[in-house]
Every structure is written in structure tokens, then in C-alpha cells.
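Student: I have a structure open in front of me and would like to learn how to read its features. Could we go through it together, step by step?

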Amino acid sequence: MKKIKVGIIGSGNIGTDLMLKVERSNFLEMSAMIGIDPESDGLHRAKNHGHCVYDNGIDGFLEDPETADILFDATSAKAHAYHASELKKINKKIIDLTPAAIGPFVVPTVNLNEHLDQQNINMITCGGQATIPIVNAIHSVCPVDYAEIVATIASKSAGPGTRANIDEFTYTTARGIEKIGGAKKGKAIIILNPAEPPIIMRDTVQCIAPGAEERQEELIKAIRNRASQVQQYVPGYKLRTEPIFDGDQITVFIEVEGAADYLPSYAGNLDIMTASAIKVAEELAKHQLSVSENM
């Protein structure tokens, strides 16, 4: 089966986890790891796995751009602005795992097929990937006047990139709740929990949806179905309880356990980002292969 070559910008935990997931894909061929720390474990592993390695950042890749057609950006919102500008010049597709929000927001179970021709796709945030599917499922049954999500993650799973982008996280997630989830007004909160042993990712979704009290059965079915769809590419995703109704207020509790490819299993917040990004990249690859076959 023909595959599309991919590269990963960022050789930290997220980039290394992405690499291991790409290596299992039927549609993606791991080709290049791009970092700035020659001593990083990610670059060492990539080299040992036989992939092209660049330790001088995106500038090194730009000297040899044929090594990848799709690139994941697992760096920071600030760095992505430069990467996006440079890669656009050479028509490379980017899947952005930072909260830079330059390209259209994509959540695989909601709007994946709408943006397969876009050059830059934004994966929003871990909180967005976990909760927006639920907000959108509720929206498919009742209008959502307000949606608030609280993402609680282990402090140990929040690296320097996450900590440096807290403001971007809350703003970008809230925008995603509105633009993709369908809520008229969205709010996002993130909590870094220092508990030992570390907790797995837990998310709370609260929506005010007029008419919810009368349509509980439809809403429960829609929420369950959407959770099942997410589980197809994030096996550790599940509802912790049945949805709770209080008049037109709906509360949904979610937990996400990581697959432990490279990251620890409690880091479901990072795993849902890499798993969702792989899902998007595979659909992009299938789309590109289909277009090339029909030319």
C-alpha cells in the first residue's frame, strides 16, 4: 500500500509519541524528525529507527523538503507562526498541535472532511479534542446557549509548552467550543493537579441547552454515540458516568487514559492530541492518494 511521507517538528514527548504512532499507520510513512536539541531522546530514537534527522530546526528541513509531504508541528504557538509561514511557501501541509489557531479548527468526529484541502489544520487543544465532540453531540439535539469545560490533567503531564501556552489554551478551546461545538458562548478552564500518583485526564462538560429536560433520551443516545466514535481512535476515552440532567443543564464527565506508546498512561491529555492528529493525517493521506490516482 502506498503511503504519504510525514515529518514531525519537535522532538520532545509529543513528537516522539507521534513518531511511534506513525510507524504503525497503514497510510503514513515516518520520514523525518526535526528538532533543535541534538541530545534529545526523540532525535536519538528517530535516528536509531532509520529516519532522517534534522537538529537545526525547520531550517534544516527546508534545505531538503522532499523528505516529507505532511508535517506535524509539536512545538509551541509562537514557533508555529514561523513554521507555518515557511512551509506555506513550499506548499507543505501542516497539522498543528499547538494552540496557535492559524488554520481551521478540526475535531475528527465533527468536521474532519470539511478541511481536507486546507494547507494548515489546527488541532485546537487537548481539552478541545476531549470535550468539543460532546458539546457538538448535545448541539445536534438541542441548541446550546452556553458550554463550559474544565480539563484537569496531571501536573507531570504538563510540559513547558503547555505551561507557556495556558492563556492560548483557554482562549483557543473556548473558540473551538463555539465554532466547532456549536455553543453560542463557550468557556474553558484548565487545572494542573499535582497529586501523586498522577491522575489521568478528567474533563467536565456543562451545557445549558433549552429543551434538554424534555429530550433526555435523545441526548443520552447522542452523547454515547459520540463517545464511541472518539474511542475508535482514542481507545482510552470514556464517559465516567451517565449524563446528569438538572432542568436544561447537562453535565458530562469524561476521562482519557493514554495508550502509553511513549508517554505515561496518565498523560491522556497528550495522547488524545497525538491520536487525533494521526487520525487527521491518515484522512489527509487517503485524500491525497485518491486525488493523485484520479489525475
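Tutor: Let us begin with one pair: Asp261 forms a salt bridge with Lys21, and their closest N and O atoms are 2.7 Å apart. A salt bridge here is a side-chain nitrogen of Lys or Arg within 4 Å of a carboxyl oxygen of Asp or Glu. This is a predicted model, in which local features need pLDDT of at least 70 and side-chain atom pairs count only at pLDDT 80 or more, while totals for chains, interfaces and linings use all residues. Residues are numbered from 1 along each chain as its sequence is written, and side-chain values use heavy atoms, with hydrogens and water left out.

Student: How many salt bridges does a search of the whole structure find, and why does the pair of Asp261 and Lys21 tie together parts that are far apart in sequence?

Tutor: In general, side chains of opposite charge can pair when their charged atoms come close. The whole structure has 15 salt bridges. Asp261 is in the loop between strand E12 (249-256) and H10, whereas Lys21 belongs to helix H1, so the pair links parts that are 240 residues apart in sequence. Helices (H or I, at least four residues) and strands (E, at least two) are DSSP runs, numbered from the N terminus.

Student: Into which domains is the chain divided?

Tutor: Domain 1 takes 4-123 + 273-294 and domain 2 takes 126-263, with bounds that come from an automatic or database domain assignment. Their centres, taken over C-alpha atoms, are separated by 25 Å. The contact (heavy atoms within 4.5 Å) involves 25 residues from domain 1 and 21 residues from domain 2.

Student: What area do domain 1 and domain 2 bury between them?

Tutor: The size of an interface is often given as the accessible area lost when the parts come together. Here domain 1 and domain 2 bury about 2,000 Å², 66% of it on carbon and sulfur atoms; buried area is the accessible area (1.4 Å probe) that two parts lose on being put together, summed over both. The rule finds 2 salt bridges across this interface.

Student: Where is the cis peptide bond, and which residue other than glycine has a positive phi?

Tutor: The cis bond joins Glu196 and Pro197, with omega about -5°, and Pro197 is found in the loop between strand E8 (186-193) and strand E9 (201-208). The positive phi, near 65°, belongs to Ile124, which lies in the loop between strand E6 (120-122) and helix H6 (126-139).
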